[in-house]
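Q: I'm new to this one. Can you walk me through it, pockets to begin with?

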Amino acid sequence: MLPFGNGERTGNVDAITLAMNMLVLGVDPGLDFSNMPEIVETYERLTRMHVHDRQPYAGSLVFAAFSGSHQDAIAKGMKCKEEDPEGRWTVPYLPIDPQDLSRTYDADVIRVNSQSGKGGIGYILETRYGYNLPPKMREDFGYKVKDISDRHHSELKPDEIFEIFQSAYLNLAAPAFDIHEAHFIQGKTLKAIVSAIYQGEEVEWYASGNGRLNAVNNAIKGGTSLEYTLETYTEHSLSNNSSASAACYVGLLWPDGSRTWGAGTDSDIIFAGILALASALNNRFIQEEKKRSHERRRGD
């Protein structure tokens, strides 16, 4: 009986796989594999043999899920597990809790490349960084991440995914909108006074609304004559980020049927929503510039 099934004769029993199969079925093999990475490292160092990436229980990719449908099922299973921490381990595609073998969920389970879907990408963003995107925004973000992974022909690490999120949506102050202040006057109606830089010029806009974000939105529309519908707004606390206690998401629907998204974070949840709105507006200008650039290339 040999570890990892190596030996000079066929039919050798893989001691680790056999013992782990027993453990999964509820039979204690009397062996401790609670630190599987250390066992693998010791084995490879002493024997100069390689444990295959997909070796059962021990391989570096044995728990990894790249497929979008698998990631979505795992993410939903993990959410159910959080709601019932004392219940049985019943996460799809994971026969055993990776943490029982000293593996981690974010580094070893949900892995992102061009095959990945919005579920796995959203799971990383939410569990590691605290951002819970609306479903349609999560889909938009998923396409951006998959496109970058496909162009680079590589897997993306969690920090790289977060950098994409930041550069694509979060607190964008360019190319057109930089809203740096908003004041509100409460009378018979709520009035917003918005100070901003719009297309390089300092402006001040005024409007009333049935809420603070609505008043700011009306002020922007009145000052710019832009036509769009504020279709989606969600918010939540951001407890794992001490410098920004609130996160907001805005989705805008444009007359041509396209959507743009923005995210904002700030200690003031109202201003976080305003930053999200500005980010979604900036993404419209970015979208239009990309379209013009594409048309110029086609013309050349």
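A: Sure. This is a predicted model. The largest pocket holds about 470 Å³ of space.

Q: Which residues are closest to the centre of the largest pocket?
A: Asp 140, Lys 144, Asn 283, Ile 286 and Lys 290, out of 18 lining residues.

Q: Which element gives the most to that lining?
A: Helix 6, with 6 residues. Helix 6 (135-152), helix 7 (158-169), strand 6 (259-266) and helix 9 (269-299) each supply at least two.

Q: And how do the lining residues of the largest pocket divide?
A: There are 8 nonpolar, 4 polar and 6 charged residues.

Q: OK, next pocket. What volume does the second largest have?
A: About 350 Å³. It is lined by 14 residues, and Ala 75, Lys 79, Tyr 123, Glu 126 and Arg 138 are the closest to its centre.

Q: Where does the largest share of that lining come from?
A: From helix 3, with 6 residues. By class, the lining of the second largest pocket has 7 charged, 4 nonpolar and 3 polar residues.

Q: Switching to strands. Why is strand 2 described as largely enclosed?
A: Strand 2 covers residues 190-198, and 7 of its 9 residues are buried, so the rest of the structure largely encloses it.

Q: How many bridges join strand 1 to strand 2?
A: 9, and the two run antiparallel. Phe 177 has Tyr 198 as its bridge partner in strand 2. A hairpin of 3 residues joins the two strands.

Q: What about strand 2 and strand 3?
A: They pair antiparallel over 9 bridges. Ile 197 has Glu 202 as its partner in strand 3. In their hairpin, with 2 residues between the strands, Gln 199 takes a positive phi near 50°.

Methods:
Residues are numbered from 1 along each chain as its sequence is written. This is a predicted model: local features need pLDDT of at least 70, side-chain atom pairs count only at pLDDT 80 or more; totals for chains, interfaces and linings use all residues. Side-chain values use heavy atoms; hydrogens and water are left out. Buried means under 20% relative accessible area, exposed over 50%, partly exposed in between (1.4 Å probe, protein chains only). Helices (H or I, at least four residues) and strands (E, at least two) are DSSP runs, numbered from the N terminus. Two strands pair if DSSP finds at least two bridges between them. On a 1 Å grid over the protein atoms alone, a cavity is a set of points where a 1.4 Å probe fits but cannot get out, and a pocket is an open set with protein on both sides within 12 Å along at least five of seven lines; lining residues have an atom within 4 Å of a point. Grid points are joined across faces, edges and corners, and a volume is the space filled by probe spheres set on the points. Ala, Val, Leu, Ile, Met, Phe, Trp, Tyr, Cys and Pro count as nonpolar, Asp, Glu, Lys and Arg as charged, and the others, Gly among them, as polar.
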